[in-house]
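Let's take a walk through this one, starting with how the chains are arranged and then moving on to where they meet and how the aromatic side chains sit. Keep the view open and turn it as you read.

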Amino acid sequence: MTTTQPTGSTAHAVDAGTYAEILQFYARHFQLLDEGQAEQWSQQFTEDGEFGQNVKPEPRRGRTAIAASMRRGIDRLAESGLTRRHWYGNVIAEPDGDDAVRTRYYATVFETPPGGGAARVYLSTTAEDLLHRQDGEWFVHRRHIVHDGT
Amino acid sequence: MTTTQPTGSTAHAVDAGTYAEILQFYARHFQLLDEGQAEQWSQQFTEDGEFGQNVKPEPRRGRTAIAASMRRGIDRLAESGLTRRHWYGNVIAEPDGDDAVRTRYYATVFETPPGGGAARVYLSTTAEDLLHRQDGEWFVHRRHIVHDGT
Amino acid sequence: MTTTQPTGSTAHAVDAGTYAEILQFYARHFQLLDEGQAEQWSQQFTEDGEFGQNVKPEPRRGRTAIAASMRRGIDRLAESGLTRRHWYGNVIAEPDGDDAVRTRYYATVFETPPGGGAARVYLSTTAEDLLHRQDGEWFVHRRHIVHDGT
């Protein structure tokens, strides 16, 4: 997945209905992740979905592999007692044909220690997704995450 | 108020018009709070509204009690000279009949010391609201906040 | 530009179509900034646009001066190796005639050191913009930023 540059023009922005659907899609997506629901979260990828990060040698391919990898991460996090919150924001969304949208957004992770109190900014990233609509629902077909500073 | 789990499907998401209203409602709501306008902020609750937090034994009940409690908090903060900003994000919104919406969202508080400079993440929370529409305006009927890590 | 107080009522909120346009406008705007595209970013101001901050004696006036000032800032940042992300949020938007909108929102900057890892909250601000629509595109006509704690 090629990393693209944003442009200033909103000529290719999605309409209000699609934008509201996508913002709500991401709201559910990242809340599921932070609730530790790796399997439900992975259902929001297409069956042949792909999830890559610039800090990993190879992307995960397929919903089963994506779920298994995230399950391991969530289980390790649970042992640590830390609470993480994945915020998404600054969402650019451009139509790519009738039932696909390309997004570019920020994802920042806050982390609170066991017992509560002040949080820290665990990680700041940018993300690019290719979303597909199937039977009125959105799915991630390809995702590429870049960690800031790397 | 029972804590619910988000689901992946957007089948029960609100329409774009309602979503835009609710995002703008929260934008005003949290800006009023951070401007120290406890009384105007409390007007965004229904007259019999309820505001609970998992770290407090009992919820505040009724607009008057909610305003008085927030006024005390704001006055203490003003003495400290700290500036706090309540960000809301990751907003899930589901219709609950014709004039009510259930939301689940993240609320994170940034805190800047007197004189300015770098901020810290004072608190990371999740919130659940039951919103009612009356005469075309939205109000919080019930709110429950859970502090991360507690 | 007079600093205004938010009010609780959404009676003067913009419609869903305009709100989606403005959120997408800001998404592109702040991503361009963080990608170091000072010149493209400045094209999102009107030709006679104004950009002021409470920590500076005078606002920058005109697209050329705004671009030149931001170019210097971006070049200094590039030398430091730091990555900054400008998040916008809590966007209040009110119509001001047919082709203008007044916004008031939060802008918070996260900063990641070279090599990556945890980020810090470099700065928390509030922003007020007067946006103009010309030939279907939005532009910043006036912007005023206030740094928290100053």
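This is a predicted model. Start with the symmetry: turn chain A by 120 degrees, shift it 0.0 Å along the axis, and it lands on chain B with an RMSD of 0.0 Å. The two copies are therefore related as by a three-fold rotation axis. If you want a marker for that axis in chain A, look for Ala16(A), whose C-alpha is the nearest to it at 3.7 Å.

How do the copies meet? Only 19% of the interface residues of chain A are also interface residues in chain B, so the copies meet through different surfaces.

Now zoom in on chain C against chain A. Chain C brings 32 residues to the contact, and chain A brings 36 residues. The size of an interface is often given as the accessible area lost when the parts come together. Here the area buried between chain C and chain A comes to about 2600 Å², with carbon and sulfur atoms giving 53% of it. On the chain C side, Arg28(C), Gln31(C) and Trp87(C) supply 31% of the area that this chain buries against chain A, more than any other three residues. Arg28(C) turns up again in a salt bridge with Glu94(A), where the closest N and O atoms are 3.2 Å apart. In total, 3 salt bridges are found across the interface of chain C and chain A.

Trp87(C) has another role in the picture, as a member of an aromatic cluster that draws on chains A, B and C. Trp87(A), Tyr106(A) and Phe110(A) belong to it, along with Trp87(B), Tyr106(B), Phe110(B), Trp87(C), Tyr106(C) and Phe110(C). One of these rings, that of Tyr106(C), also has the charged end of Arg85(B) sitting over it, 5.2 Å from the ring centre. Within chain C there is another arginine to look at: Arg84(C) lies over the face of Tyr122(C), 3.8 Å from the ring centre.

Over all chains, the whole structure holds 36 aromatic pairs. Among them is Phe25(B) with Tyr26(B), an edge-to-face pair at 5.6 Å centre to centre with 65 degrees between the planes. Phe25(B) and Tyr26(B) are both buried. In chain C, the ring centres of Tyr26(C) and Phe30(C) are 6.0 Å apart and their planes make 25 degrees, so this pair is stacked. Tyr26(C) and Phe30(C) are 4 residues apart in helix 1 (residues 16-34) of chain C, so about one helical turn separates them. Both of these residues, Tyr26(C) and Phe30(C), are buried.

Conventions: Residues are numbered from 1 along each chain as its sequence is written. Chains are lettered from A and ligands numbered from 1 in the order in which they are written. This is a predicted model: local features need pLDDT of at least 70, side-chain atom pairs count only at pLDDT 80 or more; totals for chains, interfaces and linings use all residues. Side-chain values use heavy atoms; hydrogens and water are left out. Rings of Phe, Tyr and Trp (its six-membered ring) pair if their centres lie within 6.5 Å; planes under 30 degrees apart count as stacked, over 60 as edge-to-face and the rest as tilted. Buried means under 20% relative accessible area, exposed over 50%, partly exposed in between (1.4 Å probe, protein chains only). Helices (H or I, at least four residues) and strands (E, at least two) are DSSP runs, numbered from the N terminus. A charge sits over a ring if NZ of Lys or CZ of Arg is within 6 Å of the ring centre and within 35 degrees of the ring normal. Copies are superposed by least squares on the C-alpha atoms of residues with pLDDT of at least 70 in both. Contact means heavy atoms within 4.5 Å. Buried area is the accessible area (1.4 Å probe) that two parts lose on being put together, summed over both. A salt bridge is a side-chain nitrogen of Lys or Arg within 4 Å of a carboxyl oxygen of Asp or Glu.
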